[in-house]
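Me: I am new to reading protein structures. Please take me through this one step by step, and explain the words as we go.

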Amino acid sequence: TVDTDTERMNYTMTMQFSNVSLNDDLSDSRFTIDIPANASEPGPQHHERHTFDSLSDVRSEAEMSVPSPEVPDGYEFESAYLSEGDDYSVVRLRYTNGSDGDVSLSKRSDTGYNYSDNDVFEAVDIGNRTGWYNEFDGNSILIWESANHTYTLYGDISKSETIEIAEPIQGE
């Protein structure tokens, strides 16, 4: 039995096992896979990822527009990565304050996920749009959709700072 009780959720999970044997010998045949003759090996599921040390470089390489977030004073651009393909694209910008603070903004192809179905996030107003906010381990996370893209803002900044950064980003 596992009990979880946090500010945002409370649940109990109980598992019952029967016919359990410990330290049995396992034959090699249990690990043999019978692959059908007409099976084919799937292609890679990942997209090539490129890392950049300058905003101008990632902007010149990206097919999608790259956001220009207004981060809090003291934060400077650190790095970016870009991954684009026929069915998926994402750009992530990382800013740091030089000591212990990071803020990252991701823009990716619309995921189609309905965050209103997820009770872990709180609905918040971002100008005339709705975003989904939560805090994890002292970091804020805000997710919103605009112009067929999903944006994620994450960092060790306050809720109000997170919303303030997100408001001017209007589906760039």
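Reply: Helices are DSSP runs of H or I with at least four residues, strands are runs of E with at least two, and both are numbered from the N terminus. This is a predicted model, in which local features need pLDDT of at least 70 and side-chain atom pairs pLDDT 80 or more, while totals for chains, interfaces and linings use all residues. Residues are numbered from 1 along each chain, and side-chain values use heavy atoms, without hydrogens and water.

Me: Thanks! Where does Thr96 sit, and is Thr96 buried or exposed?

Reply: Start with the place: Thr96 belongs to strand 5, which covers residues 89-96. A residue is called buried under 20% relative accessible area, exposed over 50%, and partly exposed in between (1.4 Å probe, protein chains only). Thr96 has 15%, so the word for Thr96 is buried.

Me: Which residue has its backbone oxygen 3.0 Å from a polar atom of the Thr96 side chain?

Reply: A polar contact is a pair of N or O atoms within 3.5 Å; within protein, one must be able to donate a hydrogen and the other to accept it, and sequence neighbours count only if both atoms are side-chain atoms. For the side chain of Thr96, the partner at 3.0 Å is the backbone oxygen of Gly101.

Me: How many salt bridges does the structure hold?

Reply: A salt bridge puts a side-chain nitrogen of Lys or Arg within 4 Å of a carboxyl oxygen of Asp or Glu. One of them joins Arg94 to Glu78, with N and O 4.0 Å apart. Counted over the structure, the number of salt bridges is three.

Me: How many residues apart are Arg94 and Glu78?

Reply: These two side chains meet in a salt bridge. Arg94 is in strand 5 and Glu78 in strand 4, so the pair links distant parts of the chain. Arg94 is partly exposed at 31%, and Glu78 is partly exposed at 39%. Along the chain, their separation is 16 residues.

Me: Which residues are linked with Arg94 in a network of salt bridges?

Reply: We have already met the bridge from Arg94 to Glu78. Arg94 also pairs with Asp102, their closest N and O atoms being 2.9 Å apart. Asp102 is partly exposed, with 31% relative accessible area. The residues linked with Arg94 in this network are Glu78 and Asp102.

Me: Why does the salt bridge of Lys159 and Glu122 tie together separate parts, and how many residues apart are they?

Reply: The side chains of Lys159 and Glu122 meet with N and O 2.7 Å apart. Lys159 lies in helix 2 (residues 159-166) and Glu122 in strand 7 (residues 122-126), so the bridge joins parts that are apart in sequence by 37 residues.

Me: What relative accessibility do Lys159 and Glu122 have?

Reply: Each of the two falls in the middle class. Lys159 counts as partly exposed at 29%. Glu122 also counts as partly exposed, and its value is 28%.

Me: Is Glu63 buried or exposed?

Reply: Glu63 is placed in the loop between helix 1 (55-61) and strand 4 (76-84). Its relative accessibility is 75%, so Glu63 counts as exposed.

Me: One last thing: what distance separates the C-alpha atoms of Asp3 and Tyr133?

Reply: Asp3 is in strand 1, residues 2-5, and is exposed at 58% relative accessible area. Tyr133 is 130 residues away along the chain. Between the two C-alpha atoms, the distance is 25 Å.
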